[in-house]
Amino acid sequence: MSIVNKGFVGKGGADTHRVPPGQSEVTSWPVLTYGPTPHVDTKTWTLTIDGAVNTPVTLNWKEFNELPQLQLLTDIHCVTRWSKLGMPWDGVSIDDLIDLAGGLRPDAKHLIATTVEGYTTNIPVMDVLNNKAMVATHADGAPLTAEHGGPARLFVPHLYFWKSAKWIQRLTFTKEDHPGFWEVNGYHNYGDPWKEERYSDDVNF
Amino acid sequence: MSTFSNNDWFEATVKKIIDESPTVKTFVFSTPRPITHVAGQHYELRLTAENGYQAARPYSATKAGDGKKLLTLTIMDVGSGEVSPYVANALVVGDKVEIRGPFGRFFVWTPEETRPVFLVGGGSGVVPLHSIFTSHRDSTSNTEMKLLYSSHTYEDVLYKSDFVSSPDVTITLTREHPKEWNGYTGRVTQELLRDLIDSFEAQPICYVCGMSLFVDVIAESLQAAGIPANTIKTERFG
């Protein structure tokens with residue numbers, strides 16, 4: 001690297017085992033959304049698991065909350081370069097939701113998550129199995145507020161946080177990949193924070 | 001012919017620094033390649049410490065790229081930030097930084113857009129809106145575009161030469177205002193939003209940028225004024 005910005009020291013010294021490259025730790029919890037915040041009523045809330053599953057199912061809020069609870073104590077990483085460490089998240093594991101839908105069919109290769117306003121995001125199915133992901137209802141012990149995706153959002157903490165779609169309504173398993181909202185608007189298709197997969201490549205623009 | 005990826009870092013040299021307000025500066029960088037982004041896109045700026053430590057942050061471009069080897073970014077000194085205080089206070093003309101981009105294809109505007117546009121910005125959230133506003137002004141587009149800009153004080157108003165006397169710009173000063181100020185004061189009200197929306201010949205699509213709380217309040221008010229949620233684009237910070 002030939003450039004050195006003399007006198008710049010930054011806030012280095014972050015825990016590099018916890019904070020991926022190019023990220024800075026924050027204690028606040030910034031809100032990023034591409035549009036207005038929807039206000040979702042749990043009285044009418046539903047979650048559908050469909051596509052390449054054996055018995056597609058739709059749950060209401062009461063049925064969903066009677067499912068076994070998973071807690072993940074983990075870190076989240078936003079592509080806008082902040083990470084928030086050590087948050088407890090509660091919800092229902094994707095494995096349990098798949099079981100409830102009769103299990104995956106062999107051609108289930110991708111999860112397409114759809115929110116109440118029609119936002120979508122795509123994740124390889126292997127990235128949501130084995131308790132790596134859930135539909136979360138609580139963070140830091142408190143119900144998710146609307147601006148953070150409440151009453152329930154997808155939670156896939158090992159990928160950049162736009163993959164953890166807010167106001168989740170539908171989990172569709174598919175054979176083909178279908179790049180979602182940010183993925184077709186210039187962001188990386190997979191989004192591994194440890195490899196800094198932030199943006200898609202535009203060449204010759 | 002060489003090809004560039006927007007993910008490749010390039011060296012940029014500070015060519016000019018413009019004081020926009022007490023905490024905001026606009027930097028003109030000379031770049032090794034032509035700058036051709038559309039209005040609303042952002043870049044990342046990266047600093048490197050003597051020990052090799054690096055930190056980068058996203059910043060909106062001040063105006064659309066015009067194919068010249070010049071890039072203009074407006075950067076606010078967020079006192080507690082890691083990158084912006086150094087950029088705002090230590091960078092001088094001739095210094096080099098690394099930049100890459102452009103990024104983002106959602107919060108953008110091009111002259112192909114045929115719908116009227118209502119821009120609403122709070123504080124430094126007006127930066128990408130300035131890019132959109134001037135891009136529209138300087139294009140052959142004859143669709144309506146209006147900007148509502150909420151600023152703490154008159155001193156904090158950015159891009160005064162483009163905004164203050166424009167008939168398409170409404171500024172409201174929320175904290176204090178000069179004695180001779182005859183524009184709006186106080187926070188954006190539902191009434192003001194509704195009046196501005198009603199002044200369009202057809203219902204506009206909306207771009208809202210600012211602190212998250214500001215954006216939420218404005219987005220709610222726009223919906224209350226009849227704008228469908230799916231025609232409101234937002235960009236938030238803080």
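**Entry 1. Strand pairing in chain A**

I count two strands as paired if DSSP finds at least two bridges between them. The model I am reading is predicted. I started with strand β2 of chain A, residues 46-51, and strand β3 of chain A, residues 57-60, and found four bridges joining them. The two strands run antiparallel. A hairpin of five residues leads from β2(A) to β3(A). For one position in this pairing I noted A:T46, which stands opposite A:N60 in β3(A).

I then looked for β2(A) in a pairing with strand β11 of chain A, residues 168-174, and found four bridges there too. Here the strands run parallel. A:D50 has A:T172 of β11(A) as its bridge partner. As background, I note that strands of a sheet pair through backbone hydrogen bonds, either parallel or antiparallel.

**Entry 2. Where chain A meets chain B**

I looked up the contact between the chains. On the chain A side 32 residues take part, and they touch 38 residues of chain B. I sorted the chain A side by class and got 13 nonpolar, 13 polar and six charged residues.

**Entry 3. Chain B as a whole**

I counted five helices and twelve strands in chain B. Its radius of gyration is 18 Å, close to the 18 Å that the globule rule gives for 238 residues, so chain B is as compact as a globular protein of that length. The C-alpha trace of chain B spans about 55 × 45 × 30 Å along its principal axes.

For burial, 45% of the 238 residues of chain B count as buried. I also checked how far apart in sequence the contacting residues of chain B are. Taking contacts between residues at least 6 apart, 66% join residues at least 24 apart.

**Entry 4. The two domains of chain B**

The domain assignment splits chain B into domain 1, residues 10-103, and domain 2, residues 117-237. I have the centres of these two domains of chain B, taken over C-alpha atoms, 24 Å apart. Between them, 13 residues of domain 1 are in contact with twelve residues of domain 2 of chain B. On the domain 1 side, the elements giving two or more residues are β1 (10-21) and β5 (70-76) of chain B. By class that side of domain 1 has six nonpolar, five polar and two charged residues.

**Entry 5. The open sheet of chain B**

I traced an open sheet of six strands in chain B and read its order as β10-β9-β8-β7-β11-β12, with parallel pairing. The edges are β10 (184-185) and β12 (232-237) of chain B, each of which pairs on one side only. At the β10(B) edge I looked at the link to strand β9 of chain B, residues 169-173, and found two bridges between the parallel strands. B:T172 stands opposite B:Y184 of β10(B).

**Entry 6. Helix α2 of chain B**

Helix α2 of chain B covers residues 126-137, twelve residues that should span 16 Å at 1.5 Å a residue. The end C-alpha atoms are 16 Å apart, so the span agrees. The helix is mostly covered, with ten of its twelve residues buried. Among the buried residues of α2(B) I listed B:V126, B:L129, B:I132 and B:F133. B:H130 and B:H136 of α2(B) are buried as well.

**Entry 7. B:F103**

I placed B:F103 in strand β6 of chain B, residues 96-103. Is B:F103 buried or exposed? I found 21 other C-beta atoms within 10 Å of B:F103; the cut-off for burial is 20 or more, so B:F103 is buried.

I compared its position with B:F133. The two residues are 30 apart in sequence and 19 Å apart in space, C-alpha to C-alpha. Leaving aside neighbours within four places in sequence, B:F103 is in contact with residues including A:G186 and A:Y199 of chain A. Its contacts in chain B, on that count, are B:N6, B:Q41, B:H42 and B:Y43.

**Entry 8. B:V93**

B:V93 sits in the loop between α1 (84-90) and β6 of chain B. I found 11 C-beta neighbours inside 10 Å; the cut-off for exposed is 12 or fewer, so B:V93 counts as exposed. What does B:V93 touch, not counting residues up to four places away in sequence? I listed B:V14, B:K15, B:K16 and B:I17. Last, I checked B:V93 against B:P32, 61 residues away along the chain, and their C-alpha atoms are separated by 16 Å.

Key. Residues are numbered from 1 along each chain as its sequence is written. Chains are lettered from A and ligands numbered from 1 in the order in which they are written. This is a predicted model: local features need pLDDT of at least 70, side-chain atom pairs count only at pLDDT 80 or more; totals for chains, interfaces and linings use all residues. Two residues are in contact if their C-beta atoms, placed from the backbone, lie within 7 Å. Ala, Val, Leu, Ile, Met, Phe, Trp, Tyr, Cys and Pro count as nonpolar, Asp, Glu, Lys and Arg as charged, and the others, Gly among them, as polar. The radius of gyration is taken over C-alpha atoms; the globule rule is 2.2 Å times the number of residues to the power 0.38. Domain bounds come from an automatic or database domain assignment. The expected span of a helix is 1.5 Å times one less than its number of residues.
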